[in-house]
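Biologist: Could you take me closely through one part of this protein, the sheet and what packs around it? I would like to follow it residue by residue.

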Amino acid sequence: METNIVTEPTKPEGGSPRSPRGPGGRGRRSRPEPEPTFDEQSGQELTEKVVFINRSAKVVKGGRRFSFSALIVIGDKHGRVGVGMGKASEVADAIRKGGEAARSEMVDVSLKDATIPHEVYSRYCGAKVLLRPASPGTGIIAGKTVRAVLESAGVKDVLSKSLGSKNAANVVKATLNGLLSLRLRKDIYQGRGLEIKKAEEPKAKEVASAAASVPPSAPPTA
């Protein structure tokens, strides 16, 4: 009588080897980093910030349909900044559309070193924003909405206060209007047809002659 012997595959000791954790194996997946974009006019690298994402629902016969709107701020941190709003049925598409709109509407703002040249009060609809220059090392004293616009524009030291409405879109536009209303001293003088005159330091001979011409004070009497 013939017997058929079947050999079973032997398992390696210690169980099956696990695939290494990391981007190519099991574990947490790594998100792809966005490719940096550059401004065609200034040649600087642009930074994109998502300020606010809103979701709205429309009730239809089959259920509810959701749509998303994204408020995006883009700047090169060297005096150019833009704001855009994108709407789509997916969050990624809304962010992409908002970034394209902000990139096409970038404007130049006047800055003085790392702060703003003067105090400004701006309003847009119900939002009111107050911006004041600050000394070096102060930082950006502002909320997350105003901070996104100021950081994208390249401001590093500023004092701000948001008054009135807290609507993110209105606050961003009020902040942008305030930055657009800033003017440097040379621009104001140039518009009036004047020249900025630098104060001349007094010469050493003039200082010595002025000191010699002053009569000595009389000693106090007892």
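Modeller: Happy to; here is a walk through the sheet, one of its serines and the core beside them.

A word on the ground rules comes before the details. This is a predicted model, in which local features need pLDDT of at least 70, side-chain atom pairs count only at pLDDT 80 or more, and totals for chains, interfaces and linings use all residues. Residues are numbered from 1 along each chain as its sequence is written, and side-chain values use heavy atoms, with hydrogens and water left out.

To set the scene, the protein has 5 helices and 9 strands. Helices here are DSSP runs of H or I with at least four residues, strands are runs of E with at least two, and both are numbered from the N terminus. Of the 222 residues, 29% count as buried, where buried means under 20% relative accessible area, exposed over 50%, and partly exposed in between (1.4 Å probe, protein chains only).

Now to your sheet. Its 4 strands form an open sheet in the order β6-β7-β9-β8, with mixed pairing. The edges are β6 and β8 (140-141), each of which pairs on one side only. Two strands pair if DSSP finds at least two bridges between them. In general, strands of a sheet pair through backbone hydrogen bonds, either parallel or antiparallel.

Start at β6, residues 120-124, which runs antiparallel to β7, residues 127-133, and is joined to β7 by 5 bridges. Across this pair, V120 stands opposite L131. The hairpin of β6 and β7 has 2 residues between the strands, and C125 takes a positive phi near 55° there. On to the next pair: β7 and β9 are antiparallel too, with 7 bridges between them, and V129 stands opposite S162 in β9.

Which residue of β9 deserves a pause? I would pick S160, which lies in that strand, residues 158-164. S160 counts as buried because its relative accessibility is 18%. Its side chain reaches the backbone oxygen of I141 at 2.8 Å; a polar contact is a pair of N or O atoms within 3.5 Å, where within protein one must be able to donate a hydrogen and the other to accept it, and residues adjacent in sequence count only if both atoms are side-chain atoms. Beyond neighbours within four places in sequence, S160 is in contact with L130, L131, I141, A142 and V146; contact means heavy atoms within 4.5 Å.

What lies across the sheet strands? Helix α3, residues 168-180, lies across β6, β7 and β9 and runs at about 140° to β6. For that angle, axes are lines fitted to C-alpha atoms, for helices over the stretch in contact, and angles run from 0 to 180 degrees between N-to-C directions.

Helix α3 also brings us to the largest nonpolar core, to which it gives the largest share, 7 residues. That core has 29 residues, and those with the most contacts inside it are I116, L131, L150 and L179. A nonpolar core is a set of buried Ala, Val, Leu, Ile, Met, Phe, Trp, Tyr and Cys residues joined through side-chain atoms within 4.5 Å. Among the elements that give two or more residues to this core are β7, α2 (144-153) and α3. Leaving out residues up to four places away in sequence, L150 touches L131, I140, A142, V155, V158, T175 and L179.
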